[in-house]
Amino acid sequence: MKIELHEITVREVVEHYTDDMENGITGYHGRLNIRPAFQREFVYKDKQRDAVIQTIQKEFPLNVMYWAKNDNGNFELLDGQQRTVSFCQYVSGRFSIDYRYFGNLTKTEQEQILNYKLMVYICEGNDREKLDWFKTINIAGERLTDQELRNAMYTGEWLTEAKRYFSKTGCTAYQIAEKYLAGSAIRQDYLETALRWISARDGMAIEDYMSAHQHDTNCNELWLYFKSVIDWVQVIFPNYRKEMKGRDWGVFFNKYGKNAYDAKKLEVRIAELMEDEDVSNNGGIYEYLLSGEEKHLSIRAFTPKMARAAFERQKGICPKCGKTFAINQMQADHITPWSKGGKTIAENCQMLCADCNRRKGAI
């Protein structure tokens, strides 16, 4: 890989600067792709954005930026998008600092900003080399997520369409499913979630799914699958609760989507479980109701004091096998199982040896 250091002025970068939500961001006489497919959307807060401009005004050095030169002589911005967008937006009049837009500055102040020299490393190499280099230099900055890095490998019309549904502020996925999804659309969390779900359905890794569909002309399969998941959730659990956010709904849909459930009966049981003080994981209620597996609830354990009292009451004898054990060889157990109404209280605690407790759990 060939790497060279260049001094490039702000004036040159903002020349023919365009910011199109659908088609990306370009500058440097239209030759610099400021937001390639693997770059995140603009995520700087106002304070960070303003600090870039103030650094330039004070003629302090900005961190080095990295561009990649393509075979056609144009460039992609590898590292420094947030800083570049910050000063491009300021010069184009998108925001003010201390109530002064770029147009309100004196000619001298404007020229000082435009003549500011950026330190830019320009590299030439194949896509794999550029991505590997980008992963390395990205460690020191605001690191890319795994999905942002995946996007670098599988660019094309399919990815563009997928990002339109899942990766924009206020995107369609946000509009219909924000309350069910964790993370941020512009950090690719929604896209990663949808891909993880559909990949799990097909028994493959996200990378395998993206590779298989990279050259598709649309992402209809992914979107229709995702919408089916959300529709299914809303039908069987129509009463939304905050514990529903961030659940693995697609994985649940893959496993249980063909089962028949009564939404009204489920709602009654959800209300009961939400009030049950023995349920330590309210978020697990939904998978418990779908699977019947009690482990998802994290049923409250007996306290050491309860266990000690039961041990002393039993005089160390396991009521199942009749043998005597030390307390550290025994385990606290519900006499009446929680699933049959037994509570995690001292009166319902018994101490079983490990073997008897294991056999009871297997029944």
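**Helix α12 and the aromatic pairs**

Helix α12, spanning residues 249-256, has Trp 249, Gly 250, Val 251, Phe 252 and Tyr 256 buried. The model here is a predicted one. Those buried α12 residues pack against three other helices, namely α9 (189-202), α11 (220-236) and α14 (285-291).

Zooming out, the protein holds 16 helices and nine strands, and 45% of its 363 residues are buried. It isn't a neat ball, though: the radius of gyration comes to 29 Å, where a compact globule of 363 residues would sit near 21 Å. The C-alpha trace spans about 90 × 45 × 45 Å along the principal axes. Of the contacts between residues at least 6 apart in sequence, 64% link residues at least 24 apart.

Aromatic rings turn up in 20 pairs across the whole structure. Take Tyr 66 and Tyr 121: their ring centres are 5.8 Å apart and their planes meet at 15 degrees, so this pair counts as stacked. Since Tyr 66 belongs to strand β5 (residues 65-69) and Tyr 121 to strand β7 (residues 117-124), the pair ties together parts 55 residues apart in sequence. Tyr 66 is buried at 17% relative accessibility, while Tyr 121, at 29%, is partly exposed.

Back at α12, Trp 249 forms a tilted pair with Phe 237, at 5.8 Å centre to centre and 50 degrees between planes. Phe 237 sits in the loop between α11 and α12, 12 residues from Trp 249. Both partners are tucked away: Phe 237 is buried at 2% relative accessible area, and Trp 249 is buried at 0%. Elsewhere, Tyr 165, Phe 166, Trp 197, Trp 223 and Phe 226 make up one aromatic cluster.

Technical notes
Residues numbered from 1 in each chain as written. Predicted model: local features only at pLDDT ≥ 70, side-chain atom pairs only at ≥ 80, totals over all residues. Heavy atoms only, no water. Buried < 20%, exposed > 50% of the residue type's maximum accessible area, 1.4 Å probe, protein only. Helix = DSSP H or I, 4+ residues; strand = E, 2+ residues; numbered from the N terminus. Contact = heavy atoms within 4.5 Å. Rg over C-alpha atoms; globule rule 2.2 N^0.38 Å. Phe/Tyr/Trp six-rings, centres within 6.5 Å; stacked < 30°, edge-to-face > 60°.
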